[in-house]
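I opened the model to look up how its sheet is ordered, what packs on it and where its cores lie. The entries below follow the order in which I went through it.

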Amino acid sequence: MEFVITAGHSNTDPGAVAHGHTEGEIAVDMRNLVAAELRQRGHRVWTDGEGRDNQPLATAINLIHHGAVALEIHLNASSNPQATGVETIALPKHRALAQRISFAVSAVLGLRVRGEAGYIDQSASARGKLGFVTAGGLIAELCFISNQADLVQLQSNMHRVASAIAEVLAP
């Protein structure tokens, strides 16, 4: 099977910044880990860069057609430092997969799932229509970078989260 795994933001857009980290750098690390897990399982994986490279959204969108599933990694942010949880934004046809991804991440991190059992329809997301989702991909919001406890949990469990995501995508 073929998968597309991309990192949110890009080399020029760090995304949210909190607690000395950027969303983009963490998304790249997780992209690399999930891609490696899937490759170890014998799958072909397309990414929006190798190593520290993180190409722009247009590149990520253009890759979507290569995979049976296309997943982009993000972290949420809020002005409320207590905001917490995991969600996956997708089109309704990917609802069940989005929920499985969210529950898998939640089980590793011990965070609650947000939205409809971990699923957020892009029309209900804070940002409205999202190019990656409109093109058929899913966006996993792994935790809140603005919540220091969430961030510590994610950073302490990167490999376990990557493995859990890979297990959902390719059991």
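Before reading any strand pairing, I noted that helices (H or I, at least four residues) and strands (E, at least two) are DSSP runs, numbered from the N terminus. Two strands count as a pair if DSSP finds at least two bridges between them.

I also wrote down that this is a predicted model, in which local features need pLDDT of at least 70 and side-chain atom pairs count only at pLDDT 80 or more, while totals for chains, interfaces and linings use all residues. Residues are numbered from 1 along each chain as its sequence is written, and side-chain values use heavy atoms, with hydrogens and water left out.

**Sheet order**

I looked up the sheet and found an open one of 6 strands, in the order S4-S1-S5-S8-S6-S7, with mixed pairing. Strands S4 (44–47) and S7 (119–121) are at the edges with a single partner strand each, so one side of each has no neighbour in the sheet. For the twist I read an average turn of 25° between neighbouring strands, direction ignored; axes here are lines fitted to C-alpha atoms, for helices over the stretch in contact, and angles run from 0 to 180 degrees between N-to-C directions.

**Pairings, strand by strand**

I went along the sheet from S4, which is joined to S1 in parallel by 4 bridges; Phe3 stands opposite Val45 of S4. S1 and S5 are also parallel, with 5 bridges, and there Phe3 stands opposite Val69 of S5. S5 and S8 run parallel as well, over 5 bridges, with Glu72 opposite Ile139 in S8.

Where does the antiparallel pairing of S6 lie? I found it between S6 and S8, which are joined by 3 bridges, and Ile89 stands opposite Ile139 in S8. On the S7 side, S6 (residues 87–90) pairs in the parallel sense over 3 bridges, and Tyr119 is the bridge partner of Thr88. I noted too that S6, helix H3 (residues 95–109) and S7 form a right-handed β-α-β unit, a crossover being right-handed if, with the strands pointing away from the viewer, the path from the first strand over the helix to the second runs clockwise.

**Strand faces**

For burial I used under 20% relative accessible area as buried, over 50% as exposed and partly exposed in between (1.4 Å probe, protein chains only). In S5, 8 of its 8 residues are buried: Val69, Leu71, Ile73 and Leu75 point one way, and Ala70, Glu72, His74 and Asn76 the other. In S6, Glu87 and Ile89 point to one side and Thr88 and Ala90 to the other, and all are buried. At the edge, S4 has Val45 and Thr47 on a covered face and Arg44 and Trp46 on an uncovered one.

**Helices on the sheet**

I checked helix H1 (residues 23–40) for regularity: its 18 residues should span 26 Å at 1.5 Å a residue, and the end C-alpha atoms are 26 Å apart, which agrees; the expected span is 1.5 Å times one less than the number of residues. H1 lies across S1 (2–7), S4, S5 (69–76) and S8 (138–144), at about 165° to S1. Its buried residues include Ile26, Met30, Arg31 and Leu38, and just after H1, Gly42 takes a positive phi of about 90°. Helix H5 (residues 148–156) lies across S5 and S8, running at about 115° to S8.

**Cores**

I took a nonpolar core as a set of buried Ala, Val, Leu, Ile, Met, Phe, Trp, Tyr and Cys residues joined through side-chain atoms within 4.5 Å. Of the 45 residues in the largest core, Met30, Leu38, Leu71, Leu154 and Leu169 touch the most other members. S1, H1, S5, H3, S8, H5 and helix H6 (158–169) each supply at least two residues of this core. A second, separate core of 12 residues includes Leu63, Ala70, Phe132 and Ile139.

I then listed contacts (heavy atoms within 4.5 Å) for Leu154: leaving aside neighbours within four places in sequence, they include Ile26, Met30, Leu75 and Val161.
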